[in-house]
Amino acid sequence: PFVLNLKHAREILKRDLNEMEICGMEASFERTQNNSTSKENVKELSGTMRLGGAEHFYMEPHSVIAVPGEKDELVVYHSTQEVANTQKRIAVTCGLPMHKVLVKNKRAGGGFGGKERMHEALVASLAAHKFKRPTRLIFSRAEDFELTGQRHESIVDYKVWINAVTG
């Protein structure tokens, strides 16, 4: 399901999370609880916390070079914090097995989570694969801010139990 706003997200999370599909991939979540503390030593804290959205300001804008190789291979040079995930998404987008896609990244420091986006790599890779020509895509700073680099706001409901003796 697509999440439209925070209220919609809360409705979705009431469903069984193990049956959710996220961005075309299966996802599973496990919640565990340790009940080894006796009940009289336990204090409960609960509440709701709202985290506002934020813009990531990383050192360089997103950039990618995709180079087609022999036998439908694709080598992608991408400034990302998620090399393996980018490889998988490119393979799915181009209809290639993962072993035909090689994502190279020298280093991606100072991204603060903003270099987790990969749509520019998908666009360049698809163009390189379709037209069998190297493709380069580098966003200007203005384009980069319009298209990427933000953390969405979130609401977190929490309930924790604390051992009052040991803290």
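Here are five short exercises on a predicted model of a protein chain, each with a worked solution.

**Exercise 1. Getting an overview**
How many helices and strands does the protein chain hold, and in what order do they run?

*Solution.* Start by counting: the chain has 4 helices and 10 strands. Next, read from the N terminus, and the order is α-β-β-β-β-β-β-α-β-α-β-α-β-β. Then look at burial: of the 167 residues, 26% are buried. Finally, consider the contacts with a separation of 6 or more: 74% of them join residues 24 or more positions apart.

**Exercise 2. Checking a helix**
What span should α2 have at 1.5 Å a residue, and how far apart are its end C-alpha atoms?

*Solution.* First, note that α2 has 12 residues. The expected span uses one less than the number of residues, times 1.5 Å, so the helix should cover 16 Å. The end C-alpha atoms of α2 lie 16 Å apart, so the two values agree. Now find the residues of this helix that are buried: they are T86, Q87, R89, I90, A91 and C94. Last, step past the end of α2, where G95 follows with a positive phi, near 70°.

**Exercise 3. Exploring the core**
Which residues of the largest nonpolar core touch the most other members?

*Solution.* This core has 13 residues, and L74, V76, I90 and V101 are the ones touching the most other members. Elements that each give at least two residues to this core are β5 (63–68), β6 (74–78), α2 (83–94), β7 (101–104) and α3 (119–131). Take V76 as an example. Leaving out residues up to four places away in sequence, V76 touches V64, I65, A66, I90, L102, V103, K104 and S125.

**Exercise 4. Finding the salt bridge**
Which side chains meet in a salt bridge, and where in the chain do they sit?

*Solution.* The structure has 1 salt bridge to find. The partners are D72 and K132, with 3.1 Å from N to O. D72 lies in the loop between β5 and β6, while K132 lies in the loop between α3 and β8 (135–138), so the pair links distant parts of the chain, 60 residues apart.

Now ask: are these partners buried or exposed? Partly exposed lies between 20% and 50% relative accessible area. D72, at 38%, is therefore partly exposed, and K132, at 49%, is partly exposed too.

**Exercise 5. Reading the surface**
Which residues form a nonpolar patch on the surface?

*Solution.* The members are L45, M49, L51, V156, Y158 and V160, with about 460 Å² of accessible area together. Strands β3 (42–51) and β10 (154–163) each provide at least two of them. M49, for instance, sits in β3 and is partly exposed because its relative accessible area is 39%.

Methods:
Residues numbered from 1 in each chain as written. Predicted model: local features only at pLDDT ≥ 70, side-chain atom pairs only at ≥ 80, totals over all residues. Heavy atoms only, no water. Patch = residues over 30% accessible without salt bridge, like charges linked within 9 Å, V, L, I, M, F, W, Y side chains within 5 Å. Areas by Shrake-Rupley, 256 points an atom, 1.4 Å probe, with all protein chains shown as cover. Salt bridge = Lys/Arg side-chain N within 4 Å of Asp/Glu carboxyl O. Buried < 20%, exposed > 50% of the residue type's maximum accessible area, 1.4 Å probe, protein only. Core = buried A, V, L, I, M, F, W, Y, C linked by side-chain atoms within 4.5 Å. Contact = heavy atoms within 4.5 Å.
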